[in-house]
Amino acid sequence: MKRIGVLTSGGDAPGMNAAIRAVVRTSTAHELEVIGVKRGFAGMIDGDFIKMGPRDVANTIQRGGTVLLTARCKAFFEPEGRAQAAAKLEEAGIEGLVVIGGDGSFHGAHYLCQEHGIKVMGVPGTIDNDLYGTDFTIGYDTALNTALAAIDRIRDTAASHERLFFIEVMGRHAGFIALSVGIAGGAEEILIPEQPEHLDQVIETVRQSALKGKASSIIVVAEGFEGGGLKVMEAVSKATGLDARASILGHVQRGGSPTAADRILASRLGFAAVEALMEGKTDLMAGVVADEIHFTPLQETWEKRKDVNQKMRLMAKVLAL
Ligand code: ATP
């Protein structure tokens with residue numbers, strides 16, 4: 001193999017730049033040329049390629065977002081779109097590809113491998129942490145810390161006004177961010193999409209904590225739980241008459257300088273992905289399991305399910321007493 005491509009796709013996540021940097025520098029160390037594909041699969045179809053050397057990724061490890069830009073690309077859902085993209089790769093002499101993204105991006109990479117024989121390696125870059133085959137995804141730790149800083153600030157207001165706050169965090173299908181940030185932020189209740197609780201139960205919990213003398217409370221709601229933070233807040237405040245507010249953290253959770261944990265994870269996975277491609281591995285995701293690099297077939301990353309830690313969930317309930 002002489003030349004590989006690297007791209008970021010789907011939602012951006014802090015630490016993607018650290019992963020790109022690791023891919024570029026590891027490749028250079030092995031005398032592999034690296035081509036940056038801009039705007040994900042959309043840029044691949046357009047042939048939007050740039051040659052990348054070690055100096056091109058200088059001063060990027062601390063930056064959020066992605067210097068290669070990212071996009072969603074409808075054409076890639078169709079075999080014709082992927083054939084166009086494969087032709088562009090062939091034209092440019094790109095034999096292997098590192099795809100940094102979430103499960104949607106891994107679908108695209110998998111089909112590119114199956115249909116056109118391109119060697120592909122996935123690197124998990126998504127703040128949601130919802131990928132099977134890795135304990136953590138790149139961006140998750142930064143998103144947690146960003147959400148936590150916001151919750152700490154909101155708590156000051158909640159306490160001063162003796163108010164109930166419903167804070168919505170990202171997670172349409174997965175409650176990893178909500179559970180972890182709820183524990184770290186000392187939340188009264190954590191509501192996640194994997195375990196739909198009846199709203200009556202939530203209302204009862206809030207009533208009970210008011211009876212226990214709690215004047216203010218923080219309830220963390222994943223966006224995929226029962227229509228999100230605003231809806232839950234309205235239902236609870238209507239039923240209890242308590243002074244409640246909702247705060248939707250939204251896109252602030254995606255941006256910002258990556259934490260040390262995310263930079264280290266991204267560096268390890270970018271490095272591992274290039275070495276794996278050089279060994280002839282393909283159609284896999286590089287992840288970290290119990291602090292060791294672990295490869296998982298791309299298809300398993302979406303077919304198998306990573307569950308939130310039930311013991312942590314039970315613990316959170318005890319600690320909210
Ligand atoms: P995140 O969940 O963090 O946003 P993601 O990689 O899951 O990241 P998606 O928007 O789901 O983000 O997917 C990114 C791109 O991958 C899509 O725009 C599309 O080009 C491609 N893709 C997604 N699903 C498929 C699929 N089933 N087949 C082919 N390509 C796909």
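Student: What is the volume of the largest pocket in this model?

Tutor: The largest pocket of this predicted model has a volume of about 1100 Å³. Of the 39 residues lining the pocket, those closest to its centre are Arg72, Gly102, Asp103, Gly104 and Ser105.

Student: What makes a residue count as part of the lining?

Tutor: A lining residue has an atom within 4 Å of a point of the pocket. By class, the residues of this lining are 13 nonpolar, 14 polar and twelve charged.

Student: Which helix supplies the largest share of the lining?

Tutor: That helix is α4, with six residues. Both α4 (103-116) and α10 (298-303) supply at least two residues each.

Student: Why is the largest pocket said to lie between domain 1 and domain 2?

Tutor: Domain 1 (3-139 + 258-303) and domain 2 (141-254) both contribute residues to the lining, and therefore the pocket lies between them.

Student: Which residues are closest to the ligand?

Tutor: Among the 17 residues that surround the ligand, the closest are Arg72, Cys73, Gly102, Gly104 and Ser105.

Student: What makes the approach of Arg72, Ser105 or Thr126 to the ligand a polar contact?

Tutor: The cut-off for a pair of N or O atoms is 3.5 Å. A polar side-chain atom of Arg72 lies 2.5 Å from a ligand oxygen atom, and a polar side-chain atom of Ser105 lies 2.5 Å from an oxygen atom of the ligand. For Thr126, a side-chain N or O atom is 3.0 Å from a ligand oxygen. Each pair therefore meets the definition of a polar contact.

Student: How much of the ligand does the protein bury?

Tutor: Taken alone, the ligand exposes 620 Å², of which the protein buries 84%.

Methods. Residues numbered from 1 in each chain as written. Predicted model: local features only at pLDDT ≥ 70, side-chain atom pairs only at ≥ 80, totals over all residues. Heavy atoms only, no water. 1 Å grid on protein atoms, 1.4 Å probe; cavity = no way out; pocket = protein on both sides within 12 Å on 5 of 7 lines; lining within 4 Å. Points joined across faces, edges and corners; volume = space filled by probe spheres on them. Helix = DSSP H or I, 4+ residues; strand = E, 2+ residues; numbered from the N terminus. Nonpolar A, V, L, I, M, F, W, Y, C, P; charged D, E, K, R; others polar. Domains from an automatic or database assignment. Near = heavy atom within 4 Å. Polar contact = N/O pair within 3.5 Å; in protein donor to acceptor, adjacent residues only side chain to side chain. Areas by Shrake-Rupley, 256 points an atom, 1.4 Å probe, with all protein chains shown as cover.
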